[in-house]
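Please open the model in your viewer, with the sequence panel beside it, and follow the stops below in order.

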Amino acid sequence: MIPGTFPWVDIGSWSALRNVKAADVNGNIVIGDVQAHETRNSILVAEPGQRIEANQVHGLVIVHAKDGTVLVVPESKDQDVKKLVDAVKQAADPTSPVLLGCANCIVQAEGGRVTALGADNLVIIHAGTTVTVRPRAPPIDPGTLPHRGV
């Protein structure tokens, strides 16, 4: 046996990656095939063979697993992922999206299962091996549109 002192980091949540991997200039932790456009303070993990396109999102954890499953959760809620895992286990359809506490989200999933927790006002498009996540545009108030005479 060789005595030694080694640092210990408990990787018990996605945000713990910040303790072992340096962020880029925008505060993003990026692993794998990731395109981040105007994205800040997010953790983006694409396993081999998968791709993430993150557009104008902030403070999210987005994981695209080898089996095609996608996880989207605010980093502030990454400790609650177990609730999402439990909901996935309960879901009758193994391919349908599982969204917990998500308001005003649009999900189009043709490449695998999308799971999200506490993610509001997002568009999540999963096509083939690529998942794209971007903010959902606010609804248009018809009263603010210019009037056109007929």
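Of the contacts in the protein with a separation of 6 or more, 30% are accounted for by residues 24 or more positions apart, a contact being heavy atoms within 4.5 Å. This is a predicted model, in which local features need pLDDT of at least 70, side-chain atom pairs count only at pLDDT 80 or more, and totals for chains, interfaces and linings use all residues. Residues are numbered from 1 along each chain as its sequence is written, and side-chain values use heavy atoms, with hydrogens and water left out.

**The whole chain**

Colour the protein by secondary structure, and you should find 1 helix and 11 strands, which follow the pattern β-β-β-β-β-β-α-β-β-β-β-β along the sequence. Helices (H or I, at least four residues) and strands (E, at least two) are DSSP runs, numbered from the N terminus. If you then show the surface, its accessible area comes to about 9200 Å², of which 55% belongs to carbon and sulfur atoms; such areas come from the Shrake-Rupley method with a 1.4 Å probe, and for residues only the protein chains shown count as cover. Buried residues make up 33% of the 150 residues, where buried means under 20% relative accessible area, exposed over 50%, and partly exposed in between (1.4 Å probe, protein chains only).

**The sheet of six strands**

Select S1, S3, S5, S6, S9 and S7, which in that order form an open sheet of 6 strands with mixed pairing; two strands pair if DSSP finds at least two bridges between them. Strand S1 (29–31) and strand S7 (98–100) stand at the edges, and because each has a single partner strand, one side of each is left without a neighbour in the sheet. From one strand to the next, the twist averages 5°. Axes here are lines fitted to C-alpha atoms, for helices over the stretch in contact, and angles run from 0 to 180 degrees between N-to-C directions.

Now zoom in on S9, which runs parallel to S6 and is joined to it by 3 bridges, and which also pairs with S7 in the parallel sense over 3 bridges. On the S6 pairing, Val 70 has Val 114 as its bridge partner and Leu 71 stands opposite Thr 115, while Leu 100 has Leu 117 as its bridge partner in S9. Helix H1 lies across S6, S7 and S9, running at about 140° to S7.

Which way do the side chains of S9 point? In a regular strand the side chains alternate between the two faces of the sheet. Val 114 and Ala 116 point one way from S9, Thr 115 and Leu 117 point the other way, and all are buried.

Is Thr 115 buried or exposed? Thr 115 is buried because its relative accessible area is 6%. Beyond residues up to four places away in sequence, Thr 115 touches Thr 69, Val 70, Leu 71, Val 72, Leu 84, Val 88 and Val 98.

**A loop residue**

Move next to Glu 75, in the loop between strand S6 (70–74) and helix H1 (81–90). Glu 75 counts as buried because its relative accessibility is 16%. Display the side chains of Glu 75 and Arg 18, which are joined by a polar contact of 3.0 Å, that is, a pair of N or O atoms within 3.5 Å; within protein, one must be able to donate a hydrogen and the other to accept it, and residues adjacent in sequence count only if both atoms are side-chain atoms.

**The sheet of five strands**

Select S2, S4, S11, S10 and S8, which in that order form an open sheet of 5 strands, again with mixed pairing. Strand S2 (33–37) and strand S8 (106–109) stand at the edges of this sheet, each with a single partner strand. The twist averages 10° from one strand to the next. S2 and S4 pair in the parallel sense over 5 bridges, and Asp 33 stands opposite Arg 51 in S4.

**The cores**

Finish with the largest nonpolar core, where Ile 62, Val 72, Leu 122, Ile 124 and Val 133 touch the most other members among its 17 residues. A nonpolar core is a set of buried Ala, Val, Leu, Ile, Met, Phe, Trp, Tyr and Cys residues joined through side-chain atoms within 4.5 Å. A second, separate core of 13 residues includes Ile 43, Val 45, Leu 71 and Val 98.
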